[in-house]
Protein chains: 2
Amino acid sequence: MRLTRFTDYSLRVLIYLGLQDDQLVTIRKISDAYGISRNHLMKVVSLLTRMGYLKAQRGPGGGIRLARIPEDINLADVIRDTEEDLVMVECFDEEGSCVISPACKLHHIIGEALNAYISTLRKYTLQDLIDPKDELARLLQVERNAA
Amino acid sequence: MRLTRFTDYSLRVLIYLGLQDDQLVTIRKISDAYGISRNHLMKVVSLLTRMGYLKAQRGPGGGIRLARIPEDINLADVIRDTEEDLVMVECFDEEGSCVISPACKLHHIIGEALNAYISTLRKYTLQDLIDPKDELARLLQVERNAA
C-alpha cells in the first residue's frame, strides 16, 4: 500500500517542470537534480508524454516541458494514471479467483476507502505541490527567470 | 498501491475463522478451503496470533480461533497492522532522502488521503465481512453447527 517508484518519479518530474516557467529541460538535468536513475526517468517521461502531461521536443536543444499549466494537473489524475493497480486487494492469485469472491464484501469496502483516498487527492493540483516555489527551486538548483 | 498478499491472506483467515462459531481450526483446513499456500498462511497466522487477533492451541486436536468476536475486529486496525508500509510515497531512495523533502508538500497531502482511506475502513468490522454467513460458509465448505 505504498505508491510505486513510478508514481514517485512521475511526481518529481512534474514538480521539477512546474518550477521551470515553460523552459525545455533535459532528462539528465532532472536526474542530476534528484540524484536518481536516468534510465528510470526516461521510462517515466515517455509515459507522461504519451498521457499528455508533458510535451517533448527531440533533437539538439530539445527537452521536455509541461503540456498544461500546473493548476490543470490534478493529483488524483496523476496517481490514477501512474499507479498500475488501484484495485488494492488481491482477490486473485496464481491459481485463479478467490473462492469466496462471489459473496465477499471486501472488494466493495476497499473500493469505498479508495474513493475517499482519491477524493482527497482531487482537491490538489501540481500548483499546490510547487509552492513554496523559491524554496523548491533552491533545493533543486533550478535556475529560474527573475519574476 | 495494492494491499499486500499478507493483508489479503490475513483477511481471508479472519473471515474463515469468523464463520466458525469458536471452533478450533487447522491451518491446513484454511489453506485447502482457499486453495492457497500453507507456508504463506503459517506466517500470517503466526503474526495474527502475536498481534492478538487469534488464539492458537498447540498439539493434537489443536488449531486456531479468533481471540475476539468479529464485531470487535475493526478493518482499519487489521490493515494498519498487516501492511508493512502505509507511508505510501517513497521520498527515500537507496541513496538517501529525496532532495526536496524539506519543502515538499506531497507527504502531507498523501497523509491526508491516507487518513480518509483509513477512516472509511474504520466504519467496518469483521462482522460486516462475514455477512452473508451461510453463503460464505457454503463457498468455503465450512461445516457450521446448526444455529
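I take helices (H or I, at least four residues) and strands (E, at least two) as DSSP runs, numbered from the N terminus. This is a predicted model, so I only trust local features at pLDDT of at least 70 and side-chain atom pairs at pLDDT 80 or more, while totals for chains, interfaces and linings use all residues. Residues are numbered from 1 along each chain as its sequence is written, and chains are lettered from A and ligands numbered from 1 in the order in which they are written.

**Entry: chain A overall**

I read along chain A and got the pattern α-α-α-β-β-α-β-β-α-α-α. That comes to seven helices and four strands.

Next I looked at burial. I call a residue buried if 20 or more other C-beta atoms lie within 10 Å of its own, exposed if 12 or fewer, and partly exposed in between, with C-beta atoms placed from the backbone. By that count, 37% of the 147 residues of chain A are buried.

For contacts I use C-beta atoms, placed from the backbone, within 7 Å. Taking the contacts in chain A with a separation of 6 or more, I find that 65% are between residues 24 or more positions apart.

**Entry: where A touches B**

I looked up how many residues each chain puts into the contact: 45 from chain A and 45 from chain B. On the chain A side, H1 (5-18), H2 (27-34), H5 (106-121), H6 (126-129) and H7 (133-140) each supply at least two residues. H5(A) gives the largest share, ten residues.

I then sorted the chain A side by type. Ala, Val, Leu, Ile, Met, Phe, Trp, Tyr, Cys and Pro count as nonpolar, Asp, Glu, Lys and Arg as charged, and the others, Gly among them, as polar. The split is 30 nonpolar, three polar and twelve charged.

**Entry: H4 of chain B**

I listed the buried residues of H4(B), residues 75-82: B:Leu75, B:Val78, B:Ile79 and B:Thr82. They sit on the same side of H4(B), because they cover an arc of only 90° around the axis. The arc is that of the directions from the helix axis to the C-beta atoms. What do these buried residues pack against? I find H5 of chain A, together with H1 (5-18) and H5 (106-121) of chain B.

**Entry: two helix pairs**

A note on method: two packed helices are described by the angle between their axes and the distance between the axes. My axes are lines fitted to C-alpha atoms, for helices over the stretch in contact, and angles run from 0 to 180 degrees between N-to-C directions. Angles under 35 degrees count as roughly parallel, over 145 as roughly antiparallel, 65 to 115 as roughly perpendicular and the rest as oblique. A crossing is left-handed if the near helix is turned anticlockwise from the far one by less than a right angle, and right-handed if clockwise.

First pair: H1(A) and H4(A), residues 75-82, pack at about 140° with axes 9 Å apart. They are therefore oblique to each other, and H1(A) passes H4(A) in a right-handed crossing. From H1(A) I noted A:Phe6, A:Thr7, A:Ser10, A:Leu11 and A:Leu14, which meet A:Val78, A:Ile79 and A:Thr82 in H4(A). That contact divides into five nonpolar, three polar and no charged residues.

Second pair: the axes of H2(B), residues 27-34, and H3(B), residues 38-50, come within 9 Å and cross at roughly 125°. That makes H2(B) oblique to H3(B). H2(B) passes H3(B) in a right-handed crossing. The residues involved are B:Ile27, B:Arg28, B:Ile30 and B:Ser31 of H2(B) and B:Arg38, B:Leu41, B:Met42 and B:Val45 of H3(B). I count five nonpolar, one polar and two charged in this contact.

**Entry: Ser31 of chain A**

A:Ser31 is found in helix H2 of chain A. Buried or exposed, I wondered about A:Ser31? A:Ser31 is buried, with 20 other C-beta atoms within 10 Å. Leaving aside neighbours within four places in sequence, A:Ser31 is in contact with A:Ile36, A:Ser37, A:Arg38 and A:Leu41.

**Entry: backbone oddities**

Most residues other than glycine have a negative phi, and most peptide bonds are trans. I looked for exceptions.

A cis peptide bond joins A:Asp131 and A:Pro132, with omega about 10°; A:Pro132 is in the loop between H6 and H7 of chain A. In chain B, a cis peptide bond joins B:Asp131 and B:Pro132, with omega about 5°.

A:Gln141 has a positive phi, near 55°, and lies in the segment after H7 of chain A. With 10 C-beta neighbours inside 10 Å, A:Gln141 counts as exposed. For B:Gln141, phi is near 50°.

Definitions and conventions: Two residues are in contact if their C-beta atoms, placed from the backbone, lie within 7 Å.
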